[in-house]
Amino acid sequence: MRLGLQARLLALIAIVVGVVLLLGLGAVIRDQARFERRYFHEQGRTVVEALVPSLRNALVVGDLATVQESFDAVVEQRALRALALLDPRTRETIIRATDPPGPPGEPAPAWFRDLLDNVDVVEESAVQVGGATYGILRVEMSGEALLRHLWVEATDFVVIGVVVLGCIVLIVGLFLRQGLGPLGLLVEGAGRLAAGDLTHRIGPTNVAEFSKVAAAFDRMAEAAQEREAELLRARSAAEEGARTKASFVAAMGHQIRTPLHGIIGMTELALSTEPSAEQRHYLELIRASADNLLVGINEILDFSRLESGQLTLDRVAFPLRETVDAALAACVTAASAKGLELRSDVDPGIPALVTGDPVRLRQVLAHLVENGIRFTAQGRIQVNVDAVPGRDDGGLRFAVADTGLAIPSDKLALVFEPFAEPAGVSAGRHGAGGLALAISHRLVRKMGGELSVANGRESGCVFSFVLPLPAAAGDEAANRPPLAADPGTLAGTGHRVLVVEDTPITQTLIMTLLRRRGYRPTLAVNGAEAVAACRKEVYDLILMDLQMPVLDGLSATARIREWEADLGRRTPIIAITANAFEEDRRRCEQAGMDDFIAKPFKAQIFYDTLDRYLKAAA
Amino acid sequence: MGRILFLLVLVACFEASAAEQARPLYFGVLNQQSPARTAERWNPILAYLAEATGLRFQLRMGATVRETDAMMGRGEFDFLFSNHNFRREFDGQYRVLARWAGSPVYGVIAVREGSAATSLANLEGRRVAFPSREAFVAYAVPMEALRSARVRVDVVTAGSQEGALTQLQAKQVDAAAVNSRFLTRFAAQTGLRYREIYVSEAYAEMPVVVHPRVSREHADMVRRALLAMADDPRAAAAREAAGSKGFHPADERDYDNVRRVYARSRE
């Protein structure tokens, strides 16, 4: 236990005063004992001097009876322990008178007697007359009375000492309490400072020393307050900067995607107009370049959001097998172009539905497969999914193996660095041209796993990771529309589609795509028009842009849903926007939208999504 | 044979002497002063005697004259400084060895200088102070004189000669009976002015007497020591303590007048 300053001071004072009092008591008692012993001796001598002359006559005539009477009287009168007459030659007792009863009161304890040595006093004197010794007069005085007297004095002294000590401790304690009171203010001040109250000041106290400390404390608080203000300003500026940056990235993404959307869409439309071979070649170059640009932009946006922590994960039940297939499906075209085989092997023991973020998982797998395709000249890309035995969190091991070039062992660690272009890449393979592997690496980590890479036994390399994807309750797979559809096998078959879009190029692109598949599209140039249109007619599906003049897509959706709620109807509404972030998707869901197509999109993705809803509705 | 008999006699004598000294010789002193004062004066004398004779002595006395006389009557003293042994009832038991040195003393009846009394007859019915009824020179002798003169007085016992004279000086009594030597000394010390209206015949100082059981040899040793005391340097302290000049030779006849006084006062 740690004692406080006050308790220590009080204990010290109590000990010092106690010791002084005890020493004082010892000195007083010893002095008193010495004085009393001297007094006893004097008394003894007095008795002897007084008694001897009166004894002479009796002793000369041998009147021992008279001597005895005198002795008895004196012993009783002077409170002596004994008076005796001894034979001068043999020292045998001739006469003795004693005072048997002891003095009243409590006897002193043995240790107290030992402390004071012997306090008994014996005084002797020869009784001589004319040169002849008639006897030795012996006066015995008991120290018992003295001891008792001293004991009473000592106990009184101790009681008084304890009272004095108590008073001193009390007074000093009060003084200290008053004197140390400002400590409490300091403690309170420090506590409030620690709790964040930088405006608190202690101010002057009634103790000069503490006032100095308090002033120093107040200066410190003042400085801390100023520092905090500076920090707050700096943080505010930084946050503002971050917000600006995030807005900039989002705006840039939107600004770039929208025209890119137009380029891709229009290129595809142009390609579908049976151009000459040369034109087709150019158009395909345009489309490939636009696709690469789109991939690059998406990667930059994803990476940026991952780095800034803005990217959030879904945690929903999803069909694992379909997700893996969808990832492969996205790469089929590229693989086919190089004559590569794509294979997937999902352990049949794995639950059909697992819990996690299907979009991000698909993204990672697609990145890895695309990476494999890129560095494989011939052979295949194999995706394996196995359950990791002994894990109760539904751990699944994903492995993407290719038959391409191996990575030099000393470059393996650099594969996941963004824009990693290690020396000697020309001799082997390197990162997926920038950010794809870095993004995958970060996404896997965010999902609770660790992406690693190793060279294959014979050739190529294997990317693998383990994710906790526990089995989901229920079986939603049956109710869920298929993620992939066979392109070209489905047609619009006269479905009425309301297109809400303000950008002319996008209007043209979407309307063309719809008409080409047999849909009957109606255009609304802003949210207000869309709401009005919905009130007039019934549509099978609504494609809704988000950023529009007059009334934006989210507000329009909300109004439509309101109006439909009264009619007991629900038209699928699919957002089409260049706001490609996850938060945008969430906001769409919250507004009552059913799905989300990010601009720029490929025609196939567009048709797949429409088919999913219209087919389900059918 | 003769030699053996001599040895036996010698041993017997030695044993007798040893038995005699198994206890100290008791030396009695008549109460003329307090026992302590008596012891202060006499213990040095006894110490001297012991030194001079090789015998052991112990002072013995009663608390009062009567007790001492009774002890004397019971033969408890080996030696005794007293003249009460000359009383008829005790006379003949002790033998005189020597006497206290000094001129004879006289019994005196004194009055204050201006007193009207000029003879014993004038004291008829008057208050007369005496030291005590046991005193010889200061009581027995003057009382015998008053009786002879057929004068009856009011006897006032003062306790001591000093007391008697102090009462006379204070006019509490008309006359005081004391011994001549003390009267002279007291008057010189106090300035008492007095007139003697009766002076007795001379009486020898008190004797040291010896009990018959004490061997003649020891008695002679003591006598010689007593007589030598006046000049023996070893006795100087004793002489000074006792205020004594030693002892003089004396015999039974020196105390016949004492015997006579006791005999008459008895009648």
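# Helices and sheets in chains A and B

Reader: In this predicted model, at roughly what angle do the axes of α1(A) and helix α4 (residues 144–194) of chain A cross?

Author: This is a predicted model, and in it the axes of α1(A) and α4(A) come within 9 Å. Their crossing angle is roughly 160°.

Reader: Is α1(A) roughly parallel or roughly antiparallel to α4(A)?

Author: Angles over 145 degrees count as roughly antiparallel. The axes of α1(A) and α4(A) cross at roughly 160°, so the pair falls in that class, with α1(A) to α4(A) being roughly antiparallel.

Reader: And is the crossing of α1(A) with α4(A) left-handed or right-handed, and how many nonpolar residues does the contact hold?

Author: α1(A) passes α4(A) in a right-handed crossing. Five polar and three charged residues take part in the contact of α1(A) with α4(A), and the nonpolar ones number 22.

Reader: Moving to where the chains touch, which helix of chain B gives the most to the side that touches chain A?

Author: On the chain B side, 16 residues are in contact with nine residues of chain A. Ten residues of that side come from a single helix, spanning residues 35–53 of chain B. By class, the side has ten nonpolar, four polar and two charged residues. The helix you're after is α2(B).

Reader: How are α1(A) and α2(B) placed relative to each other, roughly parallel or roughly perpendicular?

Author: Helix α1 (residues 5–60) of chain A packs on α2(B) at an angle of about 75°, with the axes 7 Å apart. Angles of 65 to 115 degrees count as roughly perpendicular. Therefore α1(A) and α2(B) are roughly perpendicular.

Reader: Which residues of α2(B) make that contact with α1(A)?

Author: From α1(A) come Arg56(A), Asn57(A) and Val60(A). The contact of α1(A) with α2(B) divides into four nonpolar, two polar and one charged residue. On the α2(B) side, the residues are Pro35(B), Ala36(B), Thr38(B) and Ala39(B).

Reader: α2(B) also packs with α7(B); which word describes how α2(B) lies to α7(B)?

Author: α2(B) and helix α7 (residues 216–228) of chain B pack at about 120°, their axes 9 Å apart. An angle over 145 degrees would count as roughly antiparallel, and 65 to 115 as roughly perpendicular. About 120° is in neither range, so α2(B) is to α7(B) oblique.

Reader: Which residues of α7(B) does α2(B) meet there?

Author: The crossing of α2(B) and α7(B) is right-handed. α2(B) brings Leu49(B), Ala52(B) and Thr53(B) to the contact. The residues of this contact divide into six nonpolar, one polar and no charged. Those of α7(B) are Met221(B), Val222(B), Ala225(B) and Ala228(B).

Reader: Which strands stand at the edges of the six-stranded sheet in chain B?

Author: The sheet is open and mixed in pairing, with the order β2-β1-β3-β10-β4-β11 (chain B). An edge strand has a single partner, so one side of it is left without a neighbour in the sheet. The two edge strands are β2(B) and β11(B).

Reader: Which residue in β2(B) stands opposite Tyr26(B)?

Author: Strand β1 (residues 25–29) of chain B and β2(B) pair in the parallel sense over four bridges. α2(B) lies across β1 and β2 of chain B, running at about 160° to β2(B). The residue opposite Tyr26(B) is Gln58(B).

Reader: Over in chain A, which strands stand at the edges of the five-stranded sheet?

Author: This open sheet runs β13-β12-β14-β15-β16 (chain A), with parallel pairing. Each edge strand has a single partner strand, so one of its sides has no neighbour in the sheet. The edge strands are β13(A) and β16(A).

Reader: In β13(A), what is the bridge partner of Leu498(A)?

Author: β12(A) and strand β13 (residues 520–524) of chain A pair in the parallel sense over five bridges. Strand β12(A) is mostly covered, with four of its five residues buried. The bridge partner of Leu498(A) is Thr522(A).

Reader: Last one: is Leu269(A) buried or partly exposed?

Author: Leu269(A) is in helix α5 (residues 208–271) of chain A. A residue needs 20 or more other C-beta atoms within 10 Å to be buried, and with 12 or fewer it is exposed. Leu269(A) has 16 within 10 Å, so it is partly exposed.

Notes: Residues numbered from 1 in each chain as written. Chains lettered and ligands numbered in written order. Predicted model: local features only at pLDDT ≥ 70, side-chain atom pairs only at ≥ 80, totals over all residues. Contact = placed C-beta atoms within 7 Å. Nonpolar A, V, L, I, M, F, W, Y, C, P; charged D, E, K, R; others polar. Axes fitted to C-alpha atoms, helices over the stretch in contact; angles between N-to-C directions. Parallel < 35°, antiparallel > 145°, perpendicular 65-115°, else oblique. Left-handed = near helix turned anticlockwise from the far one by under 90°. Pairing = 2+ DSSP bridges.
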